[in-house]
Amino acid sequence: MAGQLDSLFKSVAKSVVATLGDSFDHTITYTKKGISSYNVDKGEQVSVSTTYSNIKVPISFVRAEEETGQEMRQAKLYITPDLIGGNQADMDDEITLSFGGSNRVTQIVDIDTKKGGQTYLFIILVRF
């Protein structure tokens, strides 16, 4: 029974994110930061990242406030795991918002993972 509920929640989250994401005029680029390793032969640190581009997701702008003379904005992004290669969202990852003709690199502030036996939705709070 629990597996059936997880599957239902996962399919509903995927459908809602896809439907709402298509209705907005923006995209995100999600960069999953890879694990770093040290190449002894070359004497250098190597890190492999994977980028998922032109992802359409719902965005809820939370607030904008002044911080050190600049406007700082916060937004919530709703992302299903399939959009980022089935990966777990991580605070070290990078998200770039593309809207209004510009690209904004964000800082991930919080990740709320919705799951049962399997993860079906990430609600990611970013600031930019």
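**Aromatic pairs and a nonpolar patch**

Phe61, Phe99 and Phe128 come together as one aromatic cluster in this predicted model.

Trainee: How many aromatic pairs does the structure hold?

Mentor: Ring pairing is counted when the centres lie within 6.5 Å. On that basis, the number of aromatic pairs here is four.

Trainee: Take Phe9 and Tyr120: are their rings stacked, edge-to-face or tilted?

Mentor: Start with the numbers: the ring centres are 5.6 Å apart and the planes sit at 35°. Stacked needs under 30 degrees and edge-to-face needs over 60, with the rest in between. At 35°, then, the Phe9 and Tyr120 pair is tilted.

Trainee: How many residues apart in sequence are the parts that this pair ties together?

Mentor: Phe9 belongs to helix H1, while Tyr120 is in strand E10, residues 119–127. The pair therefore links parts whose separation in sequence, in residues, is 111.

Trainee: And Tyr120, is that one buried or exposed?

Mentor: Its partner Phe9 is partly exposed, at 41% relative accessible area. Tyr120 has a relative accessible area of 17%, and the cut-off for the lowest class is under 20%. So Tyr120 is buried.

Trainee: Back to the cluster: what kind of pair do Phe61 and Phe128 form?

Mentor: Their rings are 6.2 Å centre to centre, with 65° between the planes. An angle over 60 degrees settles the class, so the Phe61 and Phe128 pair is edge-to-face.

Trainee: Which strand does Phe61 lie in?

Mentor: Phe128 is in the segment after E10, and the pair ties together parts 67 residues apart in sequence. Phe128 is buried at 13% relative accessible area, whereas Phe61 is partly exposed at 45%. The strand holding Phe61 covers residues 59–67, and that is E5.

Trainee: Phe61 also touches Gln74, right? Is Gln74 buried or exposed?

Mentor: Gln74 is in strand E6, residues 70–79. Beyond its neighbours within four places in sequence, Gln74 contacts Phe61, Val62, Arg63, Leu125, Val126 and Arg127. With a relative accessibility of 13%, Gln74 counts as buried.

Trainee: What about the nonpolar surface patch, how many Å² is that?

Mentor: Leu5, Leu8, Phe9, Val12, Val16, Leu20 and Phe24 make it up. Phe24 sits in the loop between helix H1 (2–22) and strand E1 (26–32). At 32% relative accessibility, Phe24 counts as partly exposed, and patch members need over 30%. The area of the patch is about 570 Å².

Key
Residues are numbered from 1 along each chain as its sequence is written. This is a predicted model: local features need pLDDT of at least 70, side-chain atom pairs count only at pLDDT 80 or more; totals for chains, interfaces and linings use all residues. Side-chain values use heavy atoms; hydrogens and water are left out. Patches are made of residues with over 30% relative accessible area and no salt bridge: like charges are joined within 9 Å, nonpolar side chains (Val, Leu, Ile, Met, Phe, Trp, Tyr) within 5 Å. Accessible areas come from the Shrake-Rupley method with a 1.4 Å probe; for residues, only the protein chains shown count as cover. A salt bridge is a side-chain nitrogen of Lys or Arg within 4 Å of a carboxyl oxygen of Asp or Glu. Helices (H or I, at least four residues) and strands (E, at least two) are DSSP runs, numbered from the N terminus. Buried means under 20% relative accessible area, exposed over 50%, partly exposed in between (1.4 Å probe, protein chains only). Contact means heavy atoms within 4.5 Å. Rings of Phe, Tyr and Trp (its six-membered ring) pair if their centres lie within 6.5 Å; planes under 30 degrees apart count as stacked, over 60 as edge-to-face and the rest as tilted.
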